[in-house]
Amino acid sequence: MRKIKIDLQGKVALVTGGSRGIGKAVALRLAEQGAEVVINYVRHRGHADATVAAIKAGGGQCLALKANLADESSLTAMMAELRRHHDRLDILISNAASGVLRPVLELTSHHWDWAVNVNARALLLLTQQAAPLMTGGGRIVAISSIGSVRAIPGYTVVGASKGALESLVRHLAVELGPRGININTVRAGVVDTDALKKFPNREEILAGSMARTPLGRLTTPEDVADVTLFLCSELAAMVHGQTVVVDGGYAVHG
Ligand code: NDP
């Protein structure tokens, strides 16, 4: 009889935006299973320090690296710093996201560039720099949202960037599969993190999401982290280039 155990001992994982919200939950899950975790953040050192402390308190290892993933030189400097601490990378979680909420007619090219660069281009650049470190194969998971396939008022640039992200994952899957690098997307339902505070209709979004979710509750950061962990495990060895929806059935509700 085969006992199922997810063991990430000896693995090194990078979680972008791993300092709070969903990224923090993912970083904790990976660390709990034995991975050495590198988290990235851009502005709020306090959250990053708290996540590092939480992982260390649980007996894990964690390092926080500051970088603006919209900026290629900052991203490259972060990867150089990662290489000073680790000679390998096994897991990359592309989770950090940003972007303004504006009506279409108020959007500028700056808004577009910012959202697309942080939310989609960063995965391309990170993958290019991570792949040579994934000498024993690797796992990459991109965190997306339902805005990739649905039009949400005000969410235009973020939604479009998530559509690009999901397409990028499929293209990367075809080219990276032969290198033993397995890549998938987790598309999450509404999760009550700091990101939701940017929505003027936060309460309405939360209530609407609850009402439409057949499983009767909101998706939590831990729900997203559990599926991400599964995709990083041997259990998901043949899941590749897919978008896994974690939303309690919200998206299939008619
Ligand atoms: P949060 O806003 O709570 O956290 C965002 C994280 O990303 C922080 O660690 C932040 O760092 C970091 N970050 C933001 N901009 C940059 C940047 N330019 N460079 C580097 N790091 C950056 O987000 P969530 O936890 O809510 O979301 C995480 C992921 O899940 C995102 O991809 C999001 O689109 C997706 N998602 C979220 C949903 C939700 O309802 N919350 C639903 C579906 C998907 P700092 O703290 O320093 O600013």
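Modeller: Let's start with some vocabulary: a residue is buried under 20% relative accessible area, exposed over 50%, and partly exposed in between, using a 1.4 Å probe and protein chains only. What you're looking at is a predicted model, where local features need pLDDT of at least 70 and side-chain atom pairs count only at pLDDT 80 or more, while totals for chains, interfaces and linings use all residues. Residues are numbered from 1 along each chain as its sequence is written, and side-chain values use heavy atoms, leaving out hydrogens and water.

Biologist: Okay, then let's try Asn182: is Asn182 buried or exposed?

Modeller: First find Asn182 in strand β6, residues 181-188. Helices (H or I, at least four residues) and strands (E, at least two) are DSSP runs, numbered from the N terminus. The relative accessible area of Asn182 is 7%, so Asn182 counts as buried.

Biologist: And which backbone oxygen does the side chain of Asn182 reach at 3.1 Å?

Modeller: Think of polar contacts here: pairs of N or O atoms within 3.5 Å, where, within protein, one must be able to donate a hydrogen and the other to accept it, and residues adjacent in sequence count only if both atoms are side-chain atoms. The backbone oxygen of Val239 lies 3.1 Å from a polar atom of the Asn182 side chain. The side chain of Asn182 also reaches, at 3.1 Å, the backbone oxygen of Ala237.

Biologist: Now the helices. At roughly what angle do the axes of α1 and α7 cross?

Modeller: Axes are lines fitted to C-alpha atoms, for helices over the stretch in contact, and angles run from 0 to 180 degrees between N-to-C directions. Helix α1 covers residues 21-32 and helix α7 covers residues 221-231. Their axes come within 8 Å, and they cross at roughly 45°.

Biologist: What does that make α1 relative to α7?

Modeller: Angles under 35 degrees count as roughly parallel, over 145 as roughly antiparallel, 65 to 115 as roughly perpendicular, and the rest as oblique. So α1, relative to α7, is oblique.

Biologist: How many nonpolar residues does the contact of α1 with α7 have?

Modeller: Contact means heavy atoms within 4.5 Å. Among the residues making it are Ile22 and Val26 of α1, plus Val224 and Leu229 of α7. For classes, Ala, Val, Leu, Ile, Met, Phe, Trp, Tyr, Cys and Pro count as nonpolar, Asp, Glu, Lys and Arg as charged, and the others, Gly among them, as polar. Besides 2 polar and 3 charged residues, the number of nonpolar ones is 8.

Biologist: What handedness does the crossing of α4 and α5 have?

Modeller: A crossing is left-handed if the near helix is turned anticlockwise from the far one by less than a right angle, and right-handed if clockwise. The two helices pack at an angle of about 15°, with their axes 9 Å apart, and are therefore roughly parallel to each other. Their crossing is right-handed.

Biologist: How many charged residues are in the contact of α4 with α5?

Modeller: The contact includes Trp112 and Leu123 of α4, and Val157 and Leu168 of α5. These residues divide into 15 nonpolar and 4 polar ones. As for charged ones, there are none.

Biologist: How far apart are the axes of α3 and α4?

Modeller: Helix α3 is residues 72-85 and helix α4 is residues 109-130. The crossing is right-handed, with Met78 and Met79 of α3 and Leu125 and Leu126 of α4 among the contact residues. The angle is about 35°, and the axes are apart by 11 Å.

Biologist: Back to single residues: what is the relative accessible area of Pro178?

Modeller: Look in the loop between α5 and β6 for Pro178. Pro178 is exposed, because its relative accessible area is 72%.

Biologist: Where is Thr219 found?

Modeller: Thr219 is buried, with a relative accessible area of 7%. It touches residues including Val190, Asp192, Val224 and Asp247, not counting residues up to four places away in sequence. You'll find Thr219 in the loop between α6 (202-212) and α7.

Biologist: Last one: what distance separates the C-alpha atoms of Ser209 and Gln9?

Modeller: Ser209 lies in helix α6 and counts as buried at 4% relative accessibility. Leaving aside neighbours within four places in sequence, Ser209 is in contact with Val190, Leu218 and Tyr250. Gln9 is 200 residues away along the chain, and the C-alpha atoms of Ser209 and Gln9 are separated by 37 Å.
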